[in-house]
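Student: Could you take me through one part of this model in close-up, the place where the two chains meet? I'd like one connected account rather than a list.

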2 protein chains.
Amino acid sequence: MNMKDEILNLAKSAKEASYALSRLGSVQKNKALLRMADGILQNASSLKRENEKDLKAAQKKGLSQALIDRLTLSDKVINAMASGIQEVAALPDPVGEVVRMWRRPNDLLVGKVRIPLGVIAIIYEARPNVTADAACLCLKSGNAVILRGGSEAFSSNQAIAQILKNALEEEGITPHAIQMLSTPEREAIYFLLELEDYIDLVIPRGGEELIRAVAQHSRIPVIKHYKGVCHIFVDESADFAMAEKIIINAKVQRPEVCNALETLLIHEAIAQDFLPRMVKALEKEGVEIRGCPRARKLIPRLKEAQEEDWYREYLDLILSVKIASGLEEAIGHITTYGSSHTESIITSNYQNAQRFLKEVNSSVVLVNASTRFSDGNQLGLGAEIGISTTKLHAFGPMGLEELTTCKFIVYGEGQIRES
Amino acid sequence: MNMKDEILNLAKSAKEASYALSRLGSVQKNKALLRMADGILQNASSLKRENEKDLKAAQKKGLSQALIDRLTLSDKVINAMASGIQEVAALPDPVGEVVRMWRRPNDLLVGKVRIPLGVIAIIYEARPNVTADAACLCLKSGNAVILRGGSEAFSSNQAIAQILKNALEEEGITPHAIQMLSTPEREAIYFLLELEDYIDLVIPRGGEELIRAVAQHSRIPVIKHYKGVCHIFVDESADFAMAEKIIINAKVQRPEVCNALETLLIHEAIAQDFLPRMVKALEKEGVEIRGCPRARKLIPRLKEAQEEDWYREYLDLILSVKIASGLEEAIGHITTYGSSHTESIITSNYQNAQRFLKEVNSSVVLVNASTRFSDGNQLGLGAEIGISTTKLHAFGPMGLEELTTCKFIVYGEGQIRES
């Protein structure tokens with residue numbers, strides 16, 4: 001069987017499985033999830049053996065230590081994977097929820113009911129724990145899933161997927177609900193992305209290059225997350241201690257993630273007092289600062305921010321700083337250079353807080369809180385399958401609900417349409 | 001200026017306008033809409049003069065009478081266009097609605113708030129009244145719109161768009177909020193479909209060929225509506241008189257639209273009694289019937305349904321009829337051959353009604369009601385921008401709410417993330 005036939009068969013059997021999955025009750029899905037968590041824990045040693053193969057290959061290929069760390073299935077990672085699955089089992093099931101119901105003048109009773117999307121393809125890079133995370137969120141929301149992990153994690157991913165499939169079978173659920181694409185060629189992904197009759201959604205998780213390649217080749221809707229150029233605006237009336245604490249948290253805690261701070265905007269009326277203090281605190285944490293001309297006038301030793309800095313997602317201990325004439329200019333800067341991801345204002349002024357929340361249309365907009373809260377778990381969605389920076393279908397952190405859609409149901413008593 | 005530069009400028013200025021539009025209050029948007037309706041009525045005679053140019057060109061090109069009818073701006077069509085705009089003005093504004101709000105354990109107050117999508121491109125065929133409909137729904141939902149109508153309606157569309165833009169200006173709203181793409185080449189559409197940085201959503205309205213071409217070329221998310229192969233299943237316990245009334249309504253009232261009935265499924269236990277009666281009623285209305293082997297055994301003069309008939313959207317007075325062994329087989333047939341558009345069951349059995357509503361995952365699923373209710377106005381959405389037969393973003397009839405998305409807003413008091 002050639003590559004295309006193999007992928008077509010896999011997609012068709014995922015579609016077939018999705019019909020059965022959409023009808024599963026919560027009890028059965030939760031039982032299967034708990035079996036999966038048990039399976040992961042019971043097979044920890046064989047998982048580590050399979051992972052060892054990937055690690056050896058990675059060392060041989062000379063991959064970076066950061067990549068090898070992400071690839072490693074330690075006991076800690078394996079336990080976290082299992083407890084992650086148990087947490088998904090404990091979440092409410094979105095499928096079947098009646099979102100609204102209303103009666104029409106002709107007495108038709110009309111409702112909107114949540115249903116699964118169908119088949120979801122997840123295309124991701126090295127981290128093998130994504131295999132378990134993504135598969136479990138799809139199962140809980142009644143969707144079949146096609147997984148395509150990075151080739152560096154090939155053996156680990158296969159081993160994890162097999163444990164999950166065994167748990168499905170033990171619970172009497174078709175193992176076709178979880179499919180692992182094992183062909184290594186990139187052409188396999190491109191062919192998969194053409195199968196719009198069988199796959200309802202594609203979620204690429206990884207670097208911008210992967211996401212752009214998927215978006216460009218796909219005939220299937222793609223949930224995209226290009227980058228997070230997050231801003232904090234320190235307003236004239238900000239509490240300096242609060243601002244400092246939040247900015248350090250947003251920039252320093254995990255600079256490599258998408259909800260970390262990249263550009264700091266400071267109201268001109270407080271720049272002279274606040275900037276030196278903030279720069280000192282940031283430099284103490286090892287942050288390199290690139291300033292606008294007005295910031296450099298106050299602190300000449302700052303590096304100069306170039307035009308392209310305002311667009312940059314550093315993912316590193318680097319911060320661009322701009323002094324703004326006020327809220328208006330700050331919002332304008334965010335609109336021009338931002339990525340619609342996450343922005344926060346630090347203020348004590350009621351009107352400015354409300355105006356920032358209203359006028360900034362990024363996916364997460366905060367007042368007096370760290371941009372690091374832009375995350376499904378932190379916002380209370382219970383779990384996160386990804387973050388969308390485009391507005392279609394979902395915008396911002398996506399939980400189980402975003403893996404569903406709504407159908408209309410109509411209770412009638414013989415009504416026909418008049419015209 | 002060449003074609004590409006012209007389109008790029010147009011898309012950029014639509015994006016620019018969308019920021020201002022997203023902040024407009026309901027009062028100002030409604031005032032502009034009422035001005036538009038007045039403008040359409042006051043300029044009826046000049047609209048008809050412009051329309052005359054299109055009609056003459058259409059006659060010269062030998063277009064069909066059906067097409068010329070759709071193209072004609074009669075007094076009736078012009079009045080309907082104006083009252084349609086007034087109705088949109090009277091609808092509730094979805095923008096700014098707080099859909100939900102909840103408090104986190106760390107006291108963050110998190111909410112989801114509706115915001116406009118941004119810039120919507122509508123690509124449609126001959127009917128010039130779509131120009132006013134689409135522009136008004138986009139304005140009401142705070143979106144800028146780029147319109148690309150069929151070349152047959154060129155002069156009519158330009159005249160309508162100009163009236164709408166004038167009304168915007170009179171209300172102090174940027175006329176760039178409504179953009180009309182006037183370049184006649186199909187390449188203009190394809191170029192437009194690449195501008196993902198400026199356009200958030202594309203809605204093609206027209207035949208399957210147009211929609212497939214748009215979907216194939218677009219880098220921007222597309223809301224698709226391929227076809228409506230709608231089913232009615234007459235269960236064993238159905239009230240025959242109700243079934244007959246609903247089936248005639250669904251098949252005969254407007255056979256050319258997407259929510260018309262295409263395939264009738266009949267429970268085998270009642271086929272002998274119900275089929276002859278139903279065939280008689282349908283034939284009286286001029287409907288041609290194509291039957292499965294079992295239906296033809298009961299009524300041998302029926303034409304034979306071929307395998308491809310079960311996939312067909314006739315859009316005509318033709319109906320395929322199949323006798324099914326029961327609910328299970330009926331649902332299986334709908335899953336295999338359906339288009340996920342609209343299906344109805346006629347039954348007096350409680351369990352079967354509930355099971356049909358639960359297990360059939362088409363966008364609109366009805367009990368004891370005509371498929372013709374699958375329509376935004378009829379279901380109570382107030383207006384309809386289109387129908388989606390794919391599940392992403394929206395599924396089924398789309399109203400104003402479906403032209404928005406939600407952002408997260410977060411009220412904090414200095415919270416930072418612990419880990």
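Tutor: A quick term to start: two strands pair if DSSP finds at least two bridges between them. Keep in mind that this is a predicted model, with ipTM 0.94 and pTM 0.93. For chain A, the mean pLDDT is 95, and 100% of its residues reach 70 or more.

Now to the pairing across the chains. Strand β16 of chain A, residues 404-415, runs parallel to β13(B), and five bridges link the two. Zoom in on Val410(A) and you'll find its bridge partner in β13(B), namely Leu366(B).

Step back to the whole contact, and 56 residues of chain A meet 57 residues of chain B. On the chain B side, the elements giving two or more residues include the helices α1 (3-22), α9 (208-217), α10 (240-252) and α14 (350-359), as well as the strands β2 (109-116) and β13 (364-369). The largest share there comes from β16(B), with 11 residues. Sort that side of chain B by class and you get 27 nonpolar, 19 polar and 11 charged residues.

How does this sit with the domains of chain A? Domain 1 covers 3-224 + 395-410, while domain 2 covers 230-379. Their C-alpha centres are 35 Å apart. Between these two domains, five residues of domain 1 of chain A touch six of domain 2 of chain A. The domain 1 side of that contact has three nonpolar and two polar residues, with no charged ones.

Conventions. Residues numbered from 1 in each chain as written. Chains lettered and ligands numbered in written order. Predicted model: local features only at pLDDT ≥ 70, side-chain atom pairs only at ≥ 80, totals over all residues. pLDDT = per-residue confidence, 0-100. Contact = placed C-beta atoms within 7 Å. Helix = DSSP H or I, 4+ residues; strand = E, 2+ residues; numbered from the N terminus. Nonpolar A, V, L, I, M, F, W, Y, C, P; charged D, E, K, R; others polar. Domains from an automatic or database assignment.
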